[in-house]
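Good morning. I have one structure to walk through today, and I will keep to what can be read from it. Please have a look at it before I start.

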Amino acid sequence: MIVKDFSRMNFTSSRAKLGEVRRGLLTEQDLLIVRWCRPAWETVQREAIVSGKVPMFPQMASGDLQRFLSARWIRPALGWIDPVKEVAASASAIAENLSTRQVEALRSGMDLEEILEASADEWLLRRAIEKRRGLPEGTLAPAPKPGSAPPPESPSMPEEPDDPPPPDPEEDQ
């Protein structure tokens, strides 16, 4: 589909045709990522390490170099035809375990981790403004929904992703 002229089609036909075009574009993007972007990125990174422009970490020397060469490639969003229905469909797919928040974020051209970080930052900012202005708690930052994770304590909390998991009491028996 080069011209993408949908003027002589009804809505249903044009939407079906657009779906075919999108599938083709996604395939082409996947090929571009796998055959060009990823190898080019890895080559540039390897050259930067070898030339000393990027410091060599002990994990790299121990053979875990692939972890440092990996990158997440996020395609641009394809745009929505009917945003209300598409957001509802995404929410429904997540609720029915047919999709994940990560997959739906990627379909929108976004990264889930960035979305969650921004949401947490926004919540903390709202709370800080409430306190600074003497507003009742929950005016700008509503309380979390029942059953959801508690809100973050402060933006300066250190991350500790390498902590070992707690021992399983059943393994000792």
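**Helix H6 and its charges**

I start with Asp121, which is found in helix H6, residues 112-133. A word of caution first: this is a predicted model. Asp121 is partly exposed, with a relative accessible area of 46%. On the surface it gathers with Glu113, Glu114 and Glu117 in a patch of negative charge. A residue needs over 30% relative accessible area and no salt bridge to be part of a patch. Asp121 at 46% is over that area cut-off.

Other charges in this helix are paired. Glu122 forms a salt bridge with Arg126, and the closest N and O atoms are 2.5 Å apart. Both residues lie in helix H6, 4 residues apart, which is about one turn of the helix. Glu122 is partly exposed at 40% relative accessibility, and Arg126 is partly exposed too, at 34%.

Next is the pair Glu130 and Arg127. Their side chains meet in a salt bridge, at 3.5 Å from N to O. They are separated by about one helical turn, because they are 3 residues apart in helix H6. Are these two buried or exposed? Both Glu130 and Arg127 are buried. They also belong to a network of salt bridges that links Arg127, Glu130 and Glu137.

**The fold as a whole**

Let me step back to the whole chain. The protein has 6 helices and 0 strands, so the pattern along the sequence reads α-α-α-α-α-α. There are 173 residues, and 14% of them count as buried. The accessible surface comes to about 14,100 Å², and carbon and sulfur atoms hold 57% of that. On contacts: taking those with a separation of 6 or more, 48% are between residues 24 or more positions apart.

The structure holds 8 salt bridges. One of them has the side chains of Asp111 and Arg72 meeting at 2.1 Å, N to O. Which parts of the chain does this pair link? Asp111 is in the loop between helix H5 (101-107) and H6, and Arg72 is in the loop between helix H3 (65-69) and H4; the two are 39 residues apart, and the pair links distant parts of the chain. Asp111 counts as buried, at 8% relative accessibility.

**Helix H1**

Now to the other end of the chain. Leu26 lies in helix H1, residues 11-51. With Leu25 and Leu78, it makes a nonpolar surface patch of about 190 Å². Leu26 is partly exposed, with a relative accessible area of 31%. That value clears the patch cut-off of over 30%.

Cys37 is also found in helix H1. Its relative accessible area is 14%, and it is buried; the cut-off for that is under 20%. Which residues does Cys37 touch, not counting residues up to four places away in sequence? Those are Leu32 and Trp73. Cys37 and Trp73 are 36 residues apart in sequence, and their C-alpha atoms are 8.6 Å apart in space.

Glu42 lies in helix H1 as well. Glu42 is buried yet has no salt bridge. The nearest side chain of opposite charge is that of Arg46, 4.4 Å away. A salt bridge needs the nitrogen and oxygen to be within 4 Å, so the pair does not count as one. Leaving out residues up to four places away in sequence, Glu42 touches Gln66 and Leu69.

**Glu86 in helix H4**

One more acidic residue. Glu86 is found in helix H4, residues 83-95. At 17% relative accessibility, Glu86 counts as buried. Apart from its neighbours within four places in sequence, Glu86 is in contact with Arg15, Gly79, Trp80 and Ile81.

**Recap**

To put the acidic residues side by side: Asp121 is partly exposed and sits in a surface patch of negative charge. Asp111 is buried and is paired with Arg72 in a salt bridge. Glu42 is buried and has no salt bridge. I will stop there and take questions.

Definitions and conventions:
Residues numbered from 1 in each chain as written. Predicted model: local features only at pLDDT ≥ 70, side-chain atom pairs only at ≥ 80, totals over all residues. Heavy atoms only, no water. Patch = residues over 30% accessible without salt bridge, like charges linked within 9 Å, V, L, I, M, F, W, Y side chains within 5 Å. Areas by Shrake-Rupley, 256 points an atom, 1.4 Å probe, with all protein chains shown as cover. Lys, Arg positive; Asp, Glu negative; His and termini not counted. Charge placed at Lys NZ, Arg CZ, Asp CG, Glu CD. Buried < 20%, exposed > 50% of the residue type's maximum accessible area, 1.4 Å probe, protein only. Contact = heavy atoms within 4.5 Å.
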